[in-house]
Amino acid sequence: MIKLVTAVIKPQMLEPVKDGLKDMGVQGITVTEVKGFGRQGGHTETYRGAEYTVDLVPKLKVEVICGLADAEGVMEMIRKCAYTGKIGDGKVWMIDLERLMRVRTGEMGDEAI
Amino acid sequence: MTRTAKLVAGGTLAAAVVALGGGAAWAQEAETVMTAEDVQVNLDNVFVLVAAVLVIFMQAGFALVEAGLTRAKSVANIMMKNMMDFCAGALAFFAVGYAIAFGAGGNDFFGTGGWFLGDGAFQYGTLTVPVTFIFQVAFAATAATIVSGAMAERTKFKSYFLYSIAISGLIYPIVVHWNWGGGWLAGLSTPFHDFAGSSMVHMVGGVAALMGAAVLGPRIGKYGPDGKPRAILGHNIPYAVLGTFILLVGWYGFNPGSELAADGAIGGIAVTTTLAAAAGAITAMLAIWAKSGKPDVAMTANGMLAGLVGITAGTAAVSNVGAVIIGAAAGVIVVTAVFFFDRIHIDDPVGAISVHGVCGAFGTICVGLFATEDTDFWQQGLFYGGGTSQLVSQVIGVVAIAVFVAVTAGILFTVLKATVGLRVSEDEELAGLDVLEHGAPGYGPDTTPGLPSTSRSGGRTTTVPTGASS
């Protein structure tokens, strides 16, 4: 069984998350710049005295493919490293991966992680 | 002949010239030897030409300020407007503008003579005709380019190009003739005084900008359904601040250069210019900080320019303390003015109307308040016990120039709107002007590496590599 762990985190927390995942032996991650809003619904700022709403806050999406045995540990590690305790720390979730293939060799399944 | 031999021969020849011909040459030159006055004339010409180059460099500053305070999707259009208002303006001012402004013929309201820099073209004192022209054309281009920022992100390029010709060739030169060209403002019993152009240049641009922005209407999305102004963020604050600094540097040509001579006054003018710029930036920063809770960068940059525009009329006439007060007041005025125009739905993305129009008028009037003493060119101001004679002349000049420009620029933009059209279509405005007006975006498709948005933008072709077949 292969799992895809996905996290949406604060951009400035990427370094600790990356280091934490490397330290626990994760072989690769994919990071994407994303924007979104959560329960707080953004915040207002001013530019030249006029207000504007930042309702889509910049975040980073981190994706990790791992075996079933490592998945819980990866989730915990991301939470530990991305945690600040303030609003907007993000979310981590996990789903099953149906098929996995390495482009270069054609290896399938656990071999391709 | 070897290299050494050549050198020896050359040296001998030079020595011979000095020994034999030198005396004769010296005697011949004695009749045309340069006097101290000749040197001063040359120095004046060199100084004013260098000052003109600094003023022309302000075009780069205007371009960057405008680009920085607007959105990336119209940045190429903004660069194009700034490039073309200089080029169209230079040719128009060369052809007719310079003659209308300074031609010895004509009357109190416009000059004639010296069309295309031909016979009778104006020269100031001992400055040559070309040097006088280059300095003045730089100023004409400044007045023209001020308008660009207020009309940014929604104006048809074709219409803006036509406007540039009209302001540099006709509207600005007429105003210049009234004062610097020896027209009716210079002939008032107490002559109107605008040393480097707070109103002659900046307010002309600012009022034309007001008319342009008013006829155009605000950008889509600038005002919410409730009519409240919404912020449309500029895409590059470093551009805006770099542009502001370039304008500051250019102002050392604008103000000291307007002395039109390399004399003892230019240093003092540079000092008042500096003090007003610094004071304006600081008070604008404090004003916006108090108003919205944070020291807004773009507004602070506007404050520096406001201080510069404000001091430009009185830069030679006021004390250093006077310059600080004028600059500081301009910094607060510009913030208030930006809020005011936002509220009455005049959408000015860069604050050009407030900086150049409002602070230009304010700075011109300040001459009547802060001039420290009577001279051949201005009377002592009200705050120094000089009475109101200069102040009255300043107000007359400001009102007359503002009304004239408002009417002529208003007619110009209305005619453009009715004929070629002033505003781009709604679709074009939303998409950005770059591609639809000029064919290509300001920031090319490879600005984001790895995400080509056009075909054949440098990535691999789609041929399947054989290695993947196993």
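## Val74(A) and its surroundings

In this predicted model, Val74(A) is buried, because 24 other C-beta atoms lie within 10 Å, and a residue needs 20 or more to count as buried. Val74(A) sits in helix α2 of chain A, which covers residues 68-82. If you set aside the neighbours within four places in sequence, Val74(A) is in contact with Val5(A), Leu21(A), Val26(A), Val64(A) and Cys66(A).

It is also worth looking from Val74(A) towards Lys22(A): the two are 52 residues apart in sequence, and their C-alpha atoms are 10 Å apart in space.

## Ile113(A), after β6

Now move along chain A to Ile113(A), in the segment after β6 (91-97). Is Ile113(A) buried or partly exposed? Ile113(A) counts as partly exposed, because there are 18 C-beta neighbours inside 10 Å. Leaving out residues up to four places away in sequence, Ile113(A) touches Ile2(A), Gln27(A), Ile65(A), Cys66(A), Gly67(A) and Leu100(A). Cys66(A) is thus a contact of Ile113(A) and also a contact of Val74(A).

For Ile113(A) and Pro11(A), the C-alpha to C-alpha distance is 25 Å, with their positions 102 residues apart in sequence.

## Where chain A meets chain B

Between the chains, 8 residues of chain A are in contact with 16 residues of chain B. On the chain A side, β3 (43-47) and β4 (50-54) each supply at least two residues. The most come from β4(A), which gives 3 residues. Sorted by class, this side of chain A has 3 nonpolar, 3 polar and 2 charged residues.

## Chain B as a whole

Chain B has 470 residues, and 51% of them are buried. Its secondary structure comes to 14 helices and 2 strands. Among the contacts in chain B with a separation of 6 or more, 74% join residues 24 or more positions apart.

## The nonpolar cores

The largest nonpolar core has 143 residues, and those touching the most other members are Val175(B), Val204(B), Ile326(B) and Val334(B). Helix α3 of chain B (residues 75-102) gives the most to this core, with 14 residues. Apart from it lies another core, of 16 residues, and here we meet Val74(A) again, together with Ala7(A), Val17(A) and Val62(A) among the members.

Which residues does Val204(B) touch beyond four places in sequence? They are Ala143(B), Tyr172(B), Val175(B), Ile401(B) and Val405(B).

## Helix α6 against helix α12

Val204(B) leads on to a helix pair. The axes of α6(B) (residues 198-216) and α12(B) (residues 389-418) come within 8 Å and cross at roughly 40°. That angle makes α6(B) oblique to α12(B), and the crossing is right-handed.

On the α6(B) side, the contact involves Ser199(B), Met203(B), Val204(B), Val207(B), Ala208(B), Met211(B), Gly212(B) and Val215(B). Facing them in α12(B) are residues including Val398(B), Ile401(B), Val405(B), Ala409(B), Phe413(B) and Lys417(B). By class, this contact has 13 nonpolar, 5 polar and 1 charged residues.

## Helix α3 against helix α4

The second pair brings back α3(B), the helix that gives the most to the largest core. Helices α3(B) and α4(B) (residues 129-150) pack at an angle of about 130°, with their axes 8 Å apart. They are therefore oblique to each other, and their crossing is right-handed.

The α3(B) residues in this contact include Lys81(B), Asp85(B), Phe86(B), Gly89(B), Ala90(B), Phe93(B) and Phe94(B). From α4(B), the contributors include Phe133(B), Gln136(B), Val137(B), Ala140(B), Ala144(B) and Ser148(B). The classes here are 11 nonpolar, 6 polar and 2 charged residues.

## Two residues with positive phi

Finally, check the loops on either side of α4 in chain B. Leu117(B) lies in the loop between β2 (111-112) and α4. Its phi is near 60°, a positive value in a residue other than glycine. With 16 other C-beta atoms within 10 Å, Leu117(B) is partly exposed.

Glu153(B) is in the loop between α4 and α5 (157-179), and has a positive phi near 75°, again in a residue other than glycine. Is Glu153(B) buried or exposed? Glu153(B) counts as buried, because 24 C-beta neighbours lie inside 10 Å.

Definitions and conventions: Residues numbered from 1 in each chain as written. Chains lettered and ligands numbered in written order. Predicted model: local features only at pLDDT ≥ 70, side-chain atom pairs only at ≥ 80, totals over all residues. Core = buried A, V, L, I, M, F, W, Y, C linked by C-beta atoms within 7 Å. Buried ≥ 20, exposed ≤ 12 C-beta atoms within 10 Å, placed from the backbone. Helix = DSSP H or I, 4+ residues; strand = E, 2+ residues; numbered from the N terminus. Contact = placed C-beta atoms within 7 Å. Axes fitted to C-alpha atoms, helices over the stretch in contact; angles between N-to-C directions. Parallel < 35°, antiparallel > 145°, perpendicular 65-115°, else oblique. Left-handed = near helix turned anticlockwise from the far one by under 90°. Nonpolar A, V, L, I, M, F, W, Y, C, P; charged D, E, K, R; others polar.
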